[in-house]
Amino acid sequence: AKGHIVVVGGGFGGATVAKYLRMWSQGSVDVTLIERNTRFVSCPISNLVIGGLQQMDDITVSYDNLRENWGVKVITDEVTALDPDKRMVTTARHGTLGYDRVVLSPGIDFIPGAVAGLDGNEELVPHAWKAGPQTALLRKQLEDMPDGGVFALTIPRAPYRCPPGPYERACLVANYLRDTKPKSKVLVLDANDEIQSKKGLFTKAFESYGALLEYVPGSKLEGVDAASRKARLEFDEIKADVLNVIPPMRAGNIAAQAGLPLINERWVDVEWLSMEAKGVPGVHVIGDAIFPAPTMPKSGHMANQHGKLVAAAILNLLEGKAPNAAPVLMNTCYSFVDDKNVIHVASVHQYNAEKQQPLPVEGAGGVSAAANELEGKFAMGWARNIWADMLA
Ligand code: FAD
């Protein structure tokens, strides 16, 4: 196969597709990866940084291997526009680039105006839902919080990036406070009516923190007063010392604003065999930005799987073949419930020709019987493996 593929976003989906296109084409396809950040910072394991168990360096990986080992042209820049008709992307500093096919894996962006008083105040009210400076900031605010303080965490309605992520964060913040500031409190304000992943296991974990952690379902956040760190709910107002708002989100701006078909005005609707946006040939979208198939989580593992699916599809399409036959995707998400013990959820999804989308394979996957230390080792192994799969 020959051609020039532009990949937008060097996260879990984008880095994977860039590497696998070069690997599977044995270097015959040219790949340009455009990513705004100079280094990759992982959301998985970032809750351990917030909980004081890992450092920023532990979750940061260079793009150098993609350049040196795989010959991917990595450009540090912002993609500002996409023209599917002319097959061109526009960047902030490197002009326009033409492509034969483009893959968008821009992750998520927060919906402007969704929470009154929040926009522009992410220094006072961090989200830490994109890893990087926000992760370090939330850690710092937690460290500076006095004993007896309230750490309030708000969760938006599903679907959002990483279903178990907020509950893992609540546990790891509580784990840190139990050791260092035991008079404090973690308040989990969930817009959903129940825990969204591994419910029984997280319920047990929450109980193990006693009065240190309170879970309040059905708590929709309406607004914040950022300066005083107040959260306004439908029937209540909460004053926090650290206010961690995970805002309502949608497909990353470049995908949400490129005129691609969106479901619920949020997520890109794709053809599952090629991952092309429906009705927009040549524009493939993967990762958190897409409308998921039934029970499919917005996860790094799943974005990595999408990356391989789309790499295979593109190489086939460049040779005039059908994109894919009947792909199978899988996912495992580990969550730390304290400094050692971990739980997982796993699933397998197989393409169903009649429904034209992947469906969960019954009897495959499941959850841990109980939190345990062995899975703590598996979780760190999973992270190191997937970072290497994308970026080594
Ligand atoms: P990302 O990985 O976010 O990559 C998007 C990239 O695109 C970013 O690097 C961004 O800078 C870049 N970008 C966006 N727009 C542009 C533009 N216009 N120009 C240039 N660059 C652009 N998943 C798991 O599988 N396991 C876990 O244990 C896990 N834990 C998590 C814990 C937390 C706290 C969080 C927040 C998430 C976690 N996730 C986990 C979810 C996982 O991080 C996401 O699902 C995954 O990052 C999605 O991959 P992606 O490629 O869609 O987006």
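Modeller: A salt bridge is taken here as a side-chain nitrogen of Lys or Arg lying within 4 Å of a carboxyl oxygen of Asp or Glu. The model under discussion is a predicted one.

Colleague: What makes the pair Lys140 and Asp144 a salt bridge?

Modeller: The closest N and O atoms of Lys140 and Asp144 are 2.6 Å apart. The cut-off is 4 Å, so the pair qualifies. Both residues belong to helix 4, where they are four residues apart, or about one turn of the helix.

Colleague: Why is Lys140 called partly exposed, and why is Asp144 called exposed?

Modeller: The relative accessibility of Lys140 is 44%. Partly exposed covers what falls between under 20% and over 50%, so Lys140 belongs there. Asp144 has a relative accessible area of 52%; exposed means over 50%, and Asp144 is therefore exposed.

Colleague: How do you know that Asp269 and Lys278 meet in a salt bridge?

Modeller: The N to O distance between their side chains is 3.4 Å, and the limit is 4 Å, so the term applies. Asp269 has 18% relative accessibility and counts as buried, because buried means under 20%. Lys278, with a relative accessible area of 37%, is partly exposed.

Colleague: What makes Lys340 and Asp339 a salt bridge, and how far apart are the closest N and O atoms?

Modeller: Those atoms are 3.9 Å apart. The requirement is within 4 Å, so this pair also qualifies. Lys340 is partly exposed at 44% relative accessibility, and Asp339 is partly exposed at 36%. The structure holds 16 salt bridges.

Colleague: How do you know that Arg250 has no salt bridge?

Modeller: The nearest side chain of opposite charge to Arg250 is that of Asp109, 6.5 Å away. A salt bridge needs a distance within 4 Å, so Arg250 has none. Arg250 is nevertheless buried, and its place is in strand 18 (residues 249-251). Leaving aside neighbours within four places in sequence, the residues in contact with Arg250 include Asp109, Ile111, Pro112, Glu265 and Trp267.

Colleague: What makes the passage of helix 4 by helix 5 a packing contact, and which residues take part?

Modeller: Helix 4 (residues 133-144) packs with helix 5 (residues 165-180) at an angle of about 35°, the axes being 11 Å apart, in a right-handed crossing. Leu138, Arg139, Leu142 and Glu143 of helix 4 make the contact with Arg169, Val173, Tyr176 and Leu177 of helix 5. Contact requires heavy atoms within 4.5 Å. By class, these residues are five nonpolar, no polar and three charged.

Colleague: At what angle do helix 1 and helix 8 pack, and how far apart are their axes?

Modeller: Helix 1 (residues 12-24) and helix 8 (residues 300-318) pack at an angle of about 35°, with axes 8 Å apart. Helix 1 passes helix 8 in a right-handed crossing. Among the residues that meet are Phe12, Val17, Tyr20 and Trp24 in helix 1 and Ala303, Val310, Ile314 and Leu315 in helix 8. The contact has eleven nonpolar, five polar and one charged residues.

Colleague: Why is Ile45 called buried?

Modeller: Its relative accessible area is 8%, and buried means under 20%, so Ile45 is buried. Ile45 lies in the loop between strand 3 (39-41) and helix 2 (46-50). Although not a glycine, Ile45 has a positive phi of about 80°.

Colleague: Why is Arg87 called partly exposed?

Modeller: Arg87 has 28% relative accessibility. That value lies between the limits of 20% and 50%, so Arg87 is partly exposed. Arg87 is in the loop between strand 6 (79-83) and strand 7 (88-91), and has a positive phi of about 55° without being a glycine.

Colleague: Why is Gly98 called partly exposed?

Modeller: The relative accessible area of Gly98 is 41%, again between 20% and 50%, so the same word applies. Gly98 lies in strand 8 (residues 96-98). Beyond neighbours within four places in sequence, Gly98 is in contact with His4, Val6, Arg87 and Met88.

Colleague: What kind of peptide bond joins Ala158 and Pro159?

Modeller: That bond is cis, with omega about 0°. Pro159 is found in the loop between strand 11 (150-155) and helix 5.

Methods. Residues numbered from 1 in each chain as written. Predicted model: local features only at pLDDT ≥ 70, side-chain atom pairs only at ≥ 80, totals over all residues. Heavy atoms only, no water. Axes fitted to C-alpha atoms, helices over the stretch in contact; angles between N-to-C directions. Helix = DSSP H or I, 4+ residues; strand = E, 2+ residues; numbered from the N terminus. Left-handed = near helix turned anticlockwise from the far one by under 90°. Nonpolar A, V, L, I, M, F, W, Y, C, P; charged D, E, K, R; others polar. Buried < 20%, exposed > 50% of the residue type's maximum accessible area, 1.4 Å probe, protein only. Lys, Arg positive; Asp, Glu negative; His and termini not counted.
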